[in-house]
Amino acid sequence: MLNFDGFIDSKKWAKAAAVRAVKTVAQTAIAMIGTSAVLGEVNWTMIVSVAVLAGGLSLLTSVTGLPEIKAEAEEGW
């Protein structure tokens, strides 16, 4: 939602970005576990590392904008 200055509410952005990052971490971990299980060995260090990296990249991508926040802002107009 936009505040009176026309800027996006940082608390709503942070919440939306965190939710998106957590979902990305979970999806990445599940994909890596599945792939590792097929190959015969689950390397937990690699899974955690890749999942955390994916979460960080998700947060950085969110800096460019979140569709759910933009949709709320447009509805408020």
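**Exercise 1. Place L57 in the fold and say which nonpolar patch it helps make.**

Solution. Start with the element: L57 sits in helix α2, which covers residues 44–62. Helices here are DSSP runs of H or I with at least four residues, strands are runs of E with at least two, and numbering goes from the N terminus. This is a predicted model, so local features need pLDDT of at least 70 and side-chain atom pairs count only at pLDDT 80 or more, while totals for chains, interfaces and linings use all residues. Residues are numbered from 1 along each chain as its sequence is written, and side-chain values use heavy atoms, with hydrogens and water left out.

Next, check the accessibility. L57 comes out at 46%, so it's partly exposed; buried means under 20% relative accessible area, exposed means over 50%, and partly exposed is in between (1.4 Å probe, protein chains only).

Finally, the patch: L53, L57 and L60 together make a nonpolar surface patch of about 320 Å². Patch members need over 30% relative accessible area and no salt bridge, with nonpolar side chains (Val, Leu, Ile, Met, Phe, Trp, Tyr) joined within 5 Å and like charges within 9 Å. A salt bridge means a Lys or Arg side-chain nitrogen within 4 Å of an Asp or Glu carboxyl oxygen. Areas come from the Shrake-Rupley method with a 1.4 Å probe, and for residues only the protein chains shown count as cover.

**Exercise 2. Work out how α1 and α2 are arranged.**

Solution. First, the overall layout: the protein chain has 3 helices and 0 strands, in the order α-α-α from the N terminus. Now take the axes of α1 (residues 10–39) and α2: they come within 8 Å and cross at roughly 150 degrees. That makes α1 roughly antiparallel to α2, a label for angles over 145 degrees (under 35 is roughly parallel, 65 to 115 roughly perpendicular, the rest oblique). Axes are lines fitted to C-alpha atoms, for helices over the stretch in contact, and angles between N-to-C directions run from 0 to 180 degrees.

**Exercise 3. Find the sequence-distant partners of V22, W13 and V63.**

Solution. Begin with V22, in helix α1. V22 is exposed at 57%, and its C-alpha lies 9.5 Å from that of A54, 32 residues apart in sequence.

Move on to W13, also found in helix α1. W13 is partly exposed at 27%, with 6.7 Å between its C-alpha and that of I69, 56 residues apart along the chain.

Last comes V63, in the loop between α2 and α3 (67–75). V63 is exposed at 59%, and its C-alpha is 9.8 Å from that of A14, 49 residues apart along the chain.
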